[in-house]
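Got the viewer open? Here's a short walk through some helix pairs and charged contacts, one selection at a time.

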Amino acid sequence: MPHASSTIPVASRVGGFSYAIRNIVAEARKVEAAGRKVRYLNIGDPIAFGFRTPPHMIEAVERAMRDGHNGYAPSVGILAAREAVTAECIQRGMPMSPDRVVVTSGTSEGIELALTALAGPGDDVLIPVPTYPLYTAVLAKIGARAVFYRTDQRRGWQPDVDHVRSLITPATRALVVIDPNNPTGASYSVEARRALVELADRHNFPLLADEVYADLAFDGPVSALAALNTDAPVITFSSLSKAYLAPGWRSGWLAVAQTERLDDVLAAIKKLADGRLCSTGPMEHALVAALTGDRSHQQLFRDALRERAALTDARLNAIDGITCVAATAAFYAMPQVQLPPGKTDEDYVLGLLRATGVLCVYGSGFATAPEDGFFRVVFLASPAELSDIYSLMAEFTREFVAGRTR
Ligand SMILES: Cc1ncc(COP(=O)(O)O)c(C=O)c1O
């Protein structure tokens, strides 16, 4: 019998669950404890960098709370919110009805519900590399296999559609597409988007369209992937976190394309949603205010992001040993550093953190190979602060590339 004071074991699935964006913060805390200021470029939260939630959304939450909307909401979400999402989908070219919408605790919960409804042990899900790490984390949790398809840095991080095609087998249960993309800041070409939707249509598996950055392409909102083929089995996901500047509210949605092929999946998602009761109730009222109200903050936000992306592109590509594809959307870039022999992306990122206090996330946290030397930058800080950060990065990189750092 184990001794009463021995440590209590955790489930083996936790071993496969990793979320580098937050895990790396433990390292940053150590650097802070040693007295150095840390600049957190690891997490995509606009609020942390001074951007503000639109007041009419805050008023909607306050009003909902005062009006007594503090009980459980229906597990699929209140009708007014589902109607607002329906109108949003239709406006983006995706036919929709409120009974095919589920209001979720952010895009994250939508993704987890859909993957749980679709895949389990023995099943494959196609996901991009680099990927947003929630996908690999959820797949590890539900015991399904992540099968990675390339997105190609040399072609502006566009998805390699031939590679996707080559990975399809009878075990394929879904194809994840993140467009616009985190961590690369790319938005995909119409040809690539069309080809991916066609693959899902022809091979009869759902395309999970993570469209949380759809309003943050610098040239203006992109249409729904589902709009390219309205018969295709597409499930779209989004939230108030990014384009509506309210990530802490955990308010989002999923919408299931109007094809009978997805009816069982929709029913399964709703069944799973019943088990977690509902998403945050008062915020469902803000969802209505956000989607039907003033969006002028989005143009200001896009302009701010475009300026930061241009600065990032210019300053990072000016560093010897770093190349970087210019972002066209969102607030991320995925530069590549030339690694000295034997070094990894993590060595670079931890070295940068310890030497300068600048915290990025290593590419292998997004499933790129450690020896490829990718890392992700979040460029939400002010241009002046970014400029300081890139100077620190240039100094450190010069030493690192020359093999002069420990
Ligand atoms: C591609 C992508 N999907 C989903 C999420 C999660 O968003 P939410 O806050 O809506 O759960 C993020 C957050 O960074 C993301 O970048």
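Before the first stop, one bit of vocabulary: a helix axis here is a line fitted to C-alpha atoms over the stretch in contact, and angles run from 0 to 180 degrees between N-to-C directions. Keep in mind, too, that this is a predicted model.

**Stop 1: α5 and α6**

Select residues 106–118, helix α5, and residues 134–142, helix α6; their axes come within 10 Å and cross at roughly 40°. That makes the two helices oblique to each other, since angles that are neither under 35 degrees, over 145, nor 65 to 115 count as oblique. The crossing of α5 past α6 is right-handed.

Now show side chains. On the α5 side, pick S108, I111, E112, L115 and T116; on the α6 side, pick L134, Y135, V138, L139, K141 and I142. These contact residues split into seven nonpolar, two polar and two charged.

Stay here and zoom in on K141 and E112. They form a salt bridge, with the closest N and O atoms 2.7 Å apart. Because K141 sits in α6 and E112 in α5, the pair ties together parts that are 29 residues apart in sequence. K141 is partly exposed, at 38% relative accessible area, and E112 is partly exposed as well, at 25%.

**Stop 2: α3 and α10**

Next, select residues 55–66 for α3 and 281–292 for α10. Here the axes come within 8 Å and cross at roughly 140°. This pair is oblique, and its crossing is right-handed.

Which residues of α3 and α10 meet? From α3, highlight H56, M57, A60, V61, A64 and M65; from α10, highlight P282, M283, H285, A286, A289 and A290. By class, that contact has ten nonpolar residues, two polar and no charged ones.

**Stop 3: salt bridges**

Side chains of opposite charge can pair when their charged atoms come close. How many salt bridges does a search of the whole structure find? The count is 19.

Try E27 and R354: their closest N and O atoms are 2.9 Å apart. This salt bridge links distant parts of the chain, with E27 in α2 (residues 25–33) and R354 in α12 (residues 345–356), 327 residues apart. R354 counts as partly exposed, at 47% relative accessibility.

Finish with E88 and R92, a salt bridge whose closest N and O atoms are 3.0 Å apart. Buried or exposed, these two? Both E88 and R92 are buried. Add D215 and R295 to your selection, and you have a network of salt bridges linking the four residues E88, R92, D215 and R295.

Key:
Residues numbered from 1 in each chain as written. Predicted model: local features only at pLDDT ≥ 70, side-chain atom pairs only at ≥ 80, totals over all residues. Heavy atoms only, no water. Helix = DSSP H or I, 4+ residues; strand = E, 2+ residues; numbered from the N terminus. Left-handed = near helix turned anticlockwise from the far one by under 90°. Contact = heavy atoms within 4.5 Å. Nonpolar A, V, L, I, M, F, W, Y, C, P; charged D, E, K, R; others polar. Salt bridge = Lys/Arg side-chain N within 4 Å of Asp/Glu carboxyl O. Buried < 20%, exposed > 50% of the residue type's maximum accessible area, 1.4 Å probe, protein only.
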